[in-house]
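Work through the following exercises with the sequence and the model at hand. Each task is followed by a solution in steps.

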Amino acid sequence: MCVLAPSPSSPLLPYQIELQPFVTTVVGNLAYDRFRRQLESIDHILLHHGIEERFLRVALDQELAKRRAEAEQTGKLRALCPGDQILFQKVAAQALRCCLLRTLTGESYRGFAQTLAESALRQWFCRLSQMGGVRVPSKSRLQDYSALVDASGLREVVMTLIRSASSETRQSEWSEPVSVDTVFVDSTAVKLDIHHPVDWVLLRDGVRTLIQAIERIRKQGIKVRMDEPRTFLRTMNQLCMQMTAEGRRSGDKKARKKTLRRMKTLVRVVMAHAERHGDKLATEWEQTEWSEKQTNGVLEGMGSILAALPVALTQAHERIIGERMVDNESKLLSLYEPHAAVIVRGKAGAEVEFGRQLLLAEAACGLVIDWDLRADKVESDVFLLRESLERFAAWELPVNAVVGDRGFDSKQTRQELEERRIENGIAPKDPQRFAERWKEERFRRWQHRRAQTEARIAIFKNEFLGGPLLAKGIEGQDREVGWAALTHNLWLLADLRRAESPPLPRG
């Protein structure tokens with residue numbers, strides 16, 4: 001019998017985990033032994049705290065929701081029968097473990113696929129090793145695994161982990177208390193994978209991307225009359241070299257303006273060619289070797305660049321020809337990540353950063369219990385804290401105190417904390433009020449502990465998110481932060497476990 005959605009009467013279907021071969025014992029390597037024990041502890045938490053079960057339920061709910069949405073558009077319902085559901089649950093369990101392990105090691109998709117094929121320990125953790133052979137997912141499949149559950153689903157899994165780990169019945173499992181009653185908040189900047197936003201370089205990026213798309217379309221036999229596409233790219237590169245040389249000559253504004261006008265003319269010509277190729281591809285795509293999905297991917301990529309280039313043209317004109325300032329809120333920093341924002345930090349080596357603003361809230365034990373990755377613009381810390389308090393209430397987290405720096409202090413913040421009956425540990429902006437509060441022993445202890453939140457943010461960003469955030473698009477980046485939060489918390493709890501998890505079968 002086929003089902004549309006899981007319900008209390010039709011839960012996840014049980015299935016037998018396939019028998020896996022022995023994992024060979026490695027003697028004399030302390031780093032390997034520590035890593036093996038860490039994976040054993042994480043495996044224990046996934047199974048005995050209901051984390052893997054919650055992930056499977058979330059993945060199944062979202063898969064069925066996608067099928068309903070497809071049925072409304074196409075009129076055809078792809079029902080999920082018991083056999084298909086069991087197969088989906090097995091794939092989802094592998095996806096969870098592969099994504100956790102890749103985030104924990106910080107490897108690329110390609111590099112992780114290779115090390116996964118080489119390591120029996122990693123195959124055991126990801127449930128890939130089988131009697132008679134091992135089928136390791138490719139880098140493309142691993143990337144699909146990371147998108148199996150969206151950011152909201154990952155937050156639900158993280159909250160399940162936090163509730164289970166902080167419950168009174170679980171405290172004997174940890175070497176120190178795990179509680180969320182005191183929360184430390186701070187905000188930071190997450191760099192995106194974009195180059196320095198030079199106005200005329202954005203024009204070059206647009207021309208390069210459109211020419212590459214035009215060449216791909218023409219190889220499929222869809223052609224519109226135009227000069228050789230590569231000639232436009234060579235001309236743009238020559239103009240870029242001229243602009244660079246003219247920028248090194250002080251006072252040579254007239255030559256820069258002249259070069260930019262030639263760039264603008266070239267960009268408009270390339271945009272017109274790209275639009276004609278796109279229109280013809282949309283009507284004649286069945287004559288190509290591409291599927292409808294591949295065709296839509298090419299058209300969507302061209303469409304995003306064609307929509308962003310007019311903004312880049314106006315911005316370059318205003319700043320170089322008009323010599324006028326452009327507000328940060330309306331400034332375009334990247335054609336490929338248009339939601340990137342200018343974040344003024346005023347710190348040594350990071351006066352200004354280009355990316356997204358991130359709020360991180362950690363418990364006293366180090367668990368990341370809340371995060372918020374903002375897009376398009378930078379919000380005040382007061383606004384971010386207000387939304388974080390609303391999420392605490394929505395998830396029914398027993399937060400009794402909030403600690404932060406003076407950037408979170410305001411009259412509104414003090415009132416809201418008082419209304420929610422949450423103790424205020426935020427450093428006051430007023431020096432006199434700060435001096436008065438400094439006399440309180442609890443406040444001093446909180447402020448000294450707050451320094452560790454800076455280290456927590458550094459660990460979270462550098463070890464779990466990576467240097468620049470490589471994920472593309474708002475949804476992909478939100479998912480990446482969700483995976484980082486889940487992996488970080490499992491990594492932390494694995495180190496806090498007192499009892500050893502059941503040992504691996506070793507030969």
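**Exercise 1. Find the residue that follows helix α13 and describe its backbone and its exposure.**

Step 1. Arg421 comes after α13, and its phi is positive, near 60°. Helices here are DSSP runs of H or I with at least four residues, strands are runs of E with at least two, and both are numbered from the N terminus.
Step 2. This is a positive phi in a residue other than glycine.
Step 3. Arg421 lies in the loop between α13 and β8.
Step 4. With 77% relative accessibility, Arg421 counts as exposed. The cut-offs are under 20% relative accessible area for buried, over 50% for exposed and partly exposed in between, with a 1.4 Å probe and protein chains only.

The model is a predicted one, in which local features need pLDDT of at least 70 and side-chain atom pairs count only at pLDDT 80 or more, while totals for chains, interfaces and linings use all residues. Residues are numbered from 1 along each chain as its sequence is written, and side-chain values use heavy atoms, with hydrogens and water left out.

**Exercise 2. Describe Glu396 in the same terms.**

Step 1. Glu396 sits in the loop between α12 and β7.
Step 2. Its phi is near 55°, a positive value in a residue other than glycine.
Step 3. Glu396 has 66% relative accessibility and therefore counts as exposed.

**Exercise 3. Sort residues of helix α13 into buried and exposed, and say what covers the buried ones.**

Step 1. Helix α13 spans residues 411-419, and its buried residues are Thr413, Glu416 and Leu417.
Step 2. These residues are on the same side of α13, because they cover an arc of only 100° around the axis. The arc is that of the directions from the helix axis to the C-beta atoms.
Step 3. Lys411, Glu418 and Glu419 are exposed on the other side of α13.
Step 4. The cover over the buried residues of α13 includes α12 (381-394), β7 (401-404) and β8 (423-426). Contact means heavy atoms within 4.5 Å.

**Exercise 4. Place strand β7 between its partners.**

Step 1. In β7, Ala401 and Val403 point one way and Val402 and Gly404 the other way; all are buried.
Step 2. β3 and β7 run parallel and are joined by three bridges. Two strands pair if DSSP finds at least two bridges between them.
Step 3. Ala401 in β7 is the bridge partner of Thr182, and Val402 in β7 stands opposite Val183.
Step 4. β7 also pairs with β8 in the parallel sense, over four bridges. There, Glu423 in β8 is the bridge partner of Ala401.
Step 5. Strand β3 (residues 182-191) is largely enclosed by the rest of the structure, because nine of its 10 residues are buried.

**Exercise 5. Which residues does Thr295 contact, leaving aside neighbours within four places in sequence?**

Step 1. Thr295 belongs to helix α11 (residues 292-321).
Step 2. Its relative accessibility is 2%, so Thr295 counts as buried.
Step 3. With those neighbours left aside, Thr295 is in contact with Leu281, Trp285 and Trp290.
Step 4. Trp285 is 10 residues from Thr295 along the chain, and their C-alpha atoms are separated by 6.8 Å.

**Exercise 6. Is His339 buried or exposed, and what does His339 touch?**

Step 1. His339 is in the loop between α11 and β4 (341-347).
Step 2. His339 is buried, with a relative accessible area of 4%.
Step 3. Not counting residues up to four places away in sequence, His339 touches Leu192, Arg356, Ala375, Asp376, Gly473, Ile474 and Gln477.

**Exercise 7. Name the buried residues of helix α4 and the elements that cover them.**

Step 1. In helix α4 (residues 109-118), the buried residues are Tyr109, Phe112, Ala113, Thr115 and Leu116.
Step 2. Their cover includes α3 (82-105), α5 (120-125), α6 (139-146) and α16 (473-496).

**Exercise 8. Summarise the protein as a whole.**

Step 1. The protein has 16 helices and eight strands.
Step 2. Of its 507 residues, 48% are buried.
Step 3. Among contacts with a separation of 6 or more, 72% are between residues 24 or more positions apart.
Step 4. The C-alpha atoms fill a box of roughly 70 × 70 × 55 Å, taken along the principal axes.
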